[in-house]
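Below is a short report on one chain. It follows a few residues and helices from the inside outwards. Please keep the sequence and the coordinates at hand.

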Amino acid sequence: DTRPTGEWQTAMAFPSSDDITVPSTDEELKAACRLGLHPALRRSLWRRLVKAEPRADFYSAACVRVFGSAQPKPSRLFRVPFLGNTPWAAPPDIVPLLSQPSVSTSSAHDRIVCVLAQLYGLVHCPMAANLALLLLAHASEAESFAVLESLLSPAAGERRLFQTPSDDAAFARAFMEVTRERHPQLIRHLETCGRDAALRMFESWFRTLFYGWLPFADVLCIVDVFLSEGPKALIRLGMAWLRARKRALKRCSTIDEVEASLRGWVAGAAEPDDAFAYTYPAMAEHGFALRRLGRDVIAGYMTQALRRAGGSGGGGSGRDAGRTLDDDFTTG
């Protein structure tokens, strides 16, 4: 089962259920998401963040339309290209840190992604597949579908789930360039270790919302802030991670050593020159203290990367043609 254990509340020092306060304003909700929402609030607040209406009847009808049944057997499910070479395989860079999902969670995940792929013509969207699995930790199948549908809907305004390989790669390159502005020596060193391998590592962070890289409970905090603020939150958290281990990373000679050092920091293997020790609150505090890192800045770097790569594409839908990432990010 992907649902967090009792260690979750202890690790995050949340108040008892009797003391839970529901954020009343948008600013209070934004601040709460940066710290991590109380698990008891996630089910309702995730929907509130993306203005999702969990229409169980609509979702059941969509399943009937796609599968011919509201509860199809596994044999009725068809393969989604971006999930792997076998039907309903997990994306290759998902490595759950707790246990494998239960059969019921896996089946719910499979139905959600399959219906979304059919309704929206998705040929590439591993972020949706990963997020579906994470949402099911607290939300029902219909609620998780509603949240993802809100993120994919053209009416959402800002694109939060990248739907082409070019966009995935451009976001990783944008992260590298934004980080270069603040830590040029570190980025030059990572490029020496292996630029393409470094970019693949960054892509894995962002496609998975750090699932498999950080503790599961902390990844759910990242879901909170991602739904609240969008992809720019991932940039901030990734930059805080690199900054924390900056000096140790400069002693690495390969990206494999870089990855091992980063994972070691999360596991508590401290180095004397670490900027700070790992906890999710510390990582979030440093990430969200960064200035001049709004959506417009990230969008500019992504647009440059897409233009250098020949434009957004890579098998995306026709509505992607001719756009830039400025169309998907709003200033802020």
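F175 is buried, and its relative accessible area is 0%. This is a predicted model. F175 belongs to helix α8, residues 165–182. Its partner is F202: the two ring centres are 4.8 Å apart and the planes meet at 75°, so the pair is edge-to-face. The cut-off for that class is an angle over 60 degrees. F202 lies in helix α9, so the pair ties together parts that are 27 residues apart in sequence. F202 also counts as buried, again at 0% relative accessibility.

**The aromatic cluster**

How many aromatic pairs does the count come to? The count comes to 18 aromatic pairs. Another of these pairs joins W205 and W213. Their ring centres are 6.3 Å apart with planes at 75°, so this pair is edge-to-face. W205 and W213 are both buried. Ring pairs link a wider set into a cluster: F162, F171, F175, F202, W205, F206, F210, W213 and W241.

**Helices α7 and α8**

Helix α8, the home of F175, has 18 residues. Of these, 13 are buried, so the helix is largely enclosed by the rest of the structure. Helix α7 runs over residues 141–152. It is mostly covered, with 12 of its 12 residues buried. Its buried residues include the charged-letter positions E141, E143 and E149, as well as F145, V147, L148, L151 and L152.

Does length fit residue count here? The table sets the expected span, at 1.5 Å a residue, beside the distance between the end C-alpha atoms.| Helix | Residues | Expected span | End-to-end C-alpha distance |
|---|---|---|---|
| α7 | 12 residues | 16 Å | 17 Å |
| α8 | 18 residues | 26 Å | 27 Å |

For α7, the distance agrees with the expected span. For α8, the two values agree as well.

**Helix α9 and its neighbours**

Helix α9 covers residues 184–208. It packs against helix α6, residues 126–135, at an angle of about 50°. The two axes are 8 Å apart. The helices α6 and α9 are therefore oblique to each other. On the α6 side, the contact uses P126, M127, N130 and L134. On the α9 side, it uses F206, R207 and T208. By type, the residues of this contact are four nonpolar, two polar and one charged.

Helix α13, residues 255–267, also packs against α9. Here the angle is about 50° and the axes are 8 Å apart. These two helices are therefore oblique to each other. Which residues of α9 meet α13? They are L190, C193, G194, A197, A198, M201 and W205. Facing them in α13 are I255, V258, E259 and L262. This contact divides into nine nonpolar residues, one polar and one charged.

Two residues of α9 appear both in a helix contact and in the ring cluster. F206 meets α6, and F206 is part of the cluster. W205 meets α13, and W205 is part of the cluster too.

**The loop after α9**

Most residues other than glycine have a negative phi. Two residues in the loop between α9 and α10 depart from that. L209 lies in this loop, which leads to α10 at 216–229. L209 is not a glycine, yet its phi is positive, about 55°. F210 lies in the loop between α9 and α10 as well. Its phi is near 70°, again positive in a residue other than glycine.

Are these loop residues buried or exposed? L209 counts as buried, at 0% relative accessibility. F210 counts as buried, also at 0%. F210 is one of the residues in the ring cluster.

**A129 in α6**

A129 sits in helix α6. It is buried, with a relative accessible area of 0%. C114 is 15 residues away from A129 along the chain, and their C-alpha atoms are separated by 9.4 Å.

**The chain as a whole**

The chain has 15 helices and zero strands. Of its 332 residues, 56% count as buried. Among contacts with a separation of 6 or more, 75% come from residues 24 or more positions apart. The F175 and F202 pair, 27 residues apart in sequence, links α8 with α9.

Notes
Residues are numbered from 1 along each chain as its sequence is written. This is a predicted model: local features need pLDDT of at least 70, side-chain atom pairs count only at pLDDT 80 or more; totals for chains, interfaces and linings use all residues. Side-chain values use heavy atoms; hydrogens and water are left out. Helices (H or I, at least four residues) and strands (E, at least two) are DSSP runs, numbered from the N terminus. The expected span of a helix is 1.5 Å times one less than its number of residues. Buried means under 20% relative accessible area, exposed over 50%, partly exposed in between (1.4 Å probe, protein chains only). Axes are lines fitted to C-alpha atoms, for helices over the stretch in contact, and angles run from 0 to 180 degrees between N-to-C directions. Angles under 35 degrees count as roughly parallel, over 145 as roughly antiparallel, 65 to 115 as roughly perpendicular and the rest as oblique. Contact means heavy atoms within 4.5 Å. Ala, Val, Leu, Ile, Met, Phe, Trp, Tyr, Cys and Pro count as nonpolar, Asp, Glu, Lys and Arg as charged, and the others, Gly among them, as polar. Rings of Phe, Tyr and Trp (its six-membered ring) pair if their centres lie within 6.5 Å; planes under 30 degrees apart count as stacked, over 60 as edge-to-face and the rest as tilted.
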